[in-house]
Structures are given as C-alpha cells and as structure tokens.
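Colleague: I would like a close look at a single part of this model, with enough of its surroundings to place that part in the fold. Please take the details in whatever order makes the picture clearest.

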Amino acid sequence: MTRVTTTWATQETTSAALGALAAEGATGALSGERGIVYLSAGRVVHAESAFTPDLGALLTRSGAVPSDGWWDAVDRGGAQHRVGHRLVDSGRLAAGALEVCHLGALFDAAYFVLAHDTRAHRFRPGAVHWLGAVRSVPVDAVVRESDRRRALLDRIHPDPAIDTVPLTRVPGAGRPGLPARRGRTLTQVDGVRTAAQIASSLACRTYHTLVDLRRLAADGLVAAAPQTAPVPAPGPDPAGTGWDDPDTALLRRLRDALEAL
C-alpha cells in the first residue's frame, strides 16, 4: 500500500494539494470547496462537483443508455466499484463511448473544483469511486486543462458567477441570428436554473453550456437572476457526512438523478 504523508494538507490550493498527492503516488479522494477528485496511484480517475451533471444523468438523458440499463449497472456493480465495467460488459455502452463520456464528465467537474482554487478540505486515503476504473489522467494535465478553460471563459465574458448562480434573460434584449445551439441554451434560461441544470436538461457537456452562457452574457442576453438571499455553494456539511463522502455521494447523486427523470 502506498504510504501517504500529510504534505497535501500544507498546500494553499487544491491544485497544489493534488500535485503533492501525485508526487506521492497516492490513492484516495481529495475534497475541495466545490467538489471532489479521485486519485489512483497519483493519477486522476474521476471528479465530481455539485455544479455539473453526473455521468449517469448525461448518459440517460442523452439516450446513450436507457434508464433501466443504468440502474441495473448501479445495482449490480456499485458496491464493487464496477458500474462502468458493468455498462460495457452488458453491451449497453461501447468501451470507447464510456471513455469519452467519462473524460468529459471528469474535466467538467475538475474545472469547478479548481476554478475557485482554495485550500483542500481533506483527503480520504484508499477511497474508490463507485464508477470504477475507466481512464486515468495525469494531475498536471487536469490542472492545465482547467486553467485553459477558465482563461477562455474569462476572455469571452469575465464573470464567473454566470457558471454557478441561477440565470435570467435580460428584459427587452433581442436575439438576432443566434447559432442553433446557443439558441437552445437561451430557451432554458428561466430565472431559476443554473448552468449545471441547463446542461443536464440539454444532456450537454457542462463546459460547452458555459461557453454558450458566457457568450449570451457578453451579448447582453443573459444575466445573473436577482436573489433575495445569497445562494450557498454546495459543499461538505459541518458533520462531515455531506455530498463529498464517497458512499453518501453514490446514494445522493443517484437519488437526485432519479428524481430528475
């Protein structure tokens, strides 16, 4: 078993903590302010954030996997951390399609984990995600890609609040000649939904949706919805049993996906 030191805890940012864990070849789950990153032998194997739809929601809403097929894979493979393998072995999803979808979900969630790059909350050695091994990515590649995405979004429209808060259409603003995908995204903006909820509704990658929403904001068509009270960011609860606990994460994310069907 890999011996993990406490070096990660001395780092000022989650990305730096990931780098320290990568250098140690660590396996486990690192929780940050906006999500959790799973490592195996120092490489990223999965990431989750409350600000992105999970893999199951994307697969079922897009029609890539029927809902009953997804739940069968969860029932039969979840406890063994083999949900991904179960989808492929049952013939419900090709291995290549699973890899592409998994990497998309991983980088989408990692963007949110690292976009507000504060100190990591805790590391849980040995924790394994219920999806199981699909494809691992070097930590430095994940950090570079997250930085690239943040820089691109800020060049489009430098307002990161667009990524996380409920959004509304700007009254009286026109919509001349919008590209089809951006037009579909605009129709989902209703004053209540966030970017993640819009992406889930469209069965679309969150980052692609963020690009559309930032462009709509830059064009004066979309803005943050007025709030009567601050919207708290999802995160671990004070008791330490919140959404970022690996076992609780499985139950909570699956429950939320079921309620959304």
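**From the sheet edge to a helix pair**

Modeller: In this predicted model, Arg43 has Pro138 of strand 5 as its bridge partner, and that pairing is a convenient place to enter the structure. Arg43 lies in strand 3, which covers residues 43-48 and is joined to strand 5 by two bridges, the two strands running antiparallel. Both belong to an open sheet of five strands, ordered 4-1-2-3-5 and paired in antiparallel fashion. Because strand 4 (122-125) and strand 5 (137-138) stand at the edges with a single partner strand each, one side of each is left without a neighbour in the sheet. Against this sheet packs helix 5, made up of residues 95-115, which touches strand 2 (35-40), strand 3 and strand 5; the direction of helix 5 makes about 75 degrees with that of strand 3.

The sheet is one part of a chain with ten helices and seven strands, and the part I would examine closely is a helix, namely helix 8, together with its contact to helix 9. In general, two packed helices are described by the angle between their axes and the distance between the axes. Here the axes of helix 8 (residues 195-202) and helix 9 (residues 206-218) come within 9 Å and cross at roughly 115 degrees, and the crossing is right-handed. On the side of helix 8 the contact involves Ala195, Ile198 and Ala199, which meet Thr206, Thr209, Leu210 and Leu213 of helix 9. By class, the residues of this contact divide into five nonpolar and two polar, with no charged residue.

An α-helix has 3.6 residues a turn, so residues three or four places apart point the same way. Ala195, Ile198 and Ala199, the helix 8 residues in the contact with helix 9, are also among the buried residues of helix 8, which include Ala196 and Ser200 as well. The cover over these buried residues includes helix 2 (55-62) and helix 7 (180-187) in addition to helix 9. After helix 8 comes Ala203, whose phi is positive, near 55 degrees.

For the chain as a whole, 48% of the 261 residues count as buried, and the accessible surface comes to about 11,900 Å², with 54% of that area belonging to carbon and sulfur atoms. Among contacts with a separation of 6 or more, 71% are accounted for by residues 24 or more positions apart.

Terms used
Residues numbered from 1 in each chain as written. Predicted model: local features only at pLDDT ≥ 70, side-chain atom pairs only at ≥ 80, totals over all residues. Heavy atoms only, no water. Axes fitted to C-alpha atoms, helices over the stretch in contact; angles between N-to-C directions. Helix = DSSP H or I, 4+ residues; strand = E, 2+ residues; numbered from the N terminus. Left-handed = near helix turned anticlockwise from the far one by under 90°. Contact = heavy atoms within 4.5 Å. Nonpolar A, V, L, I, M, F, W, Y, C, P; charged D, E, K, R; others polar. Buried < 20%, exposed > 50% of the residue type's maximum accessible area, 1.4 Å probe, protein only. Areas by Shrake-Rupley, 256 points an atom, 1.4 Å probe, with all protein chains shown as cover. Pairing = 2+ DSSP bridges.
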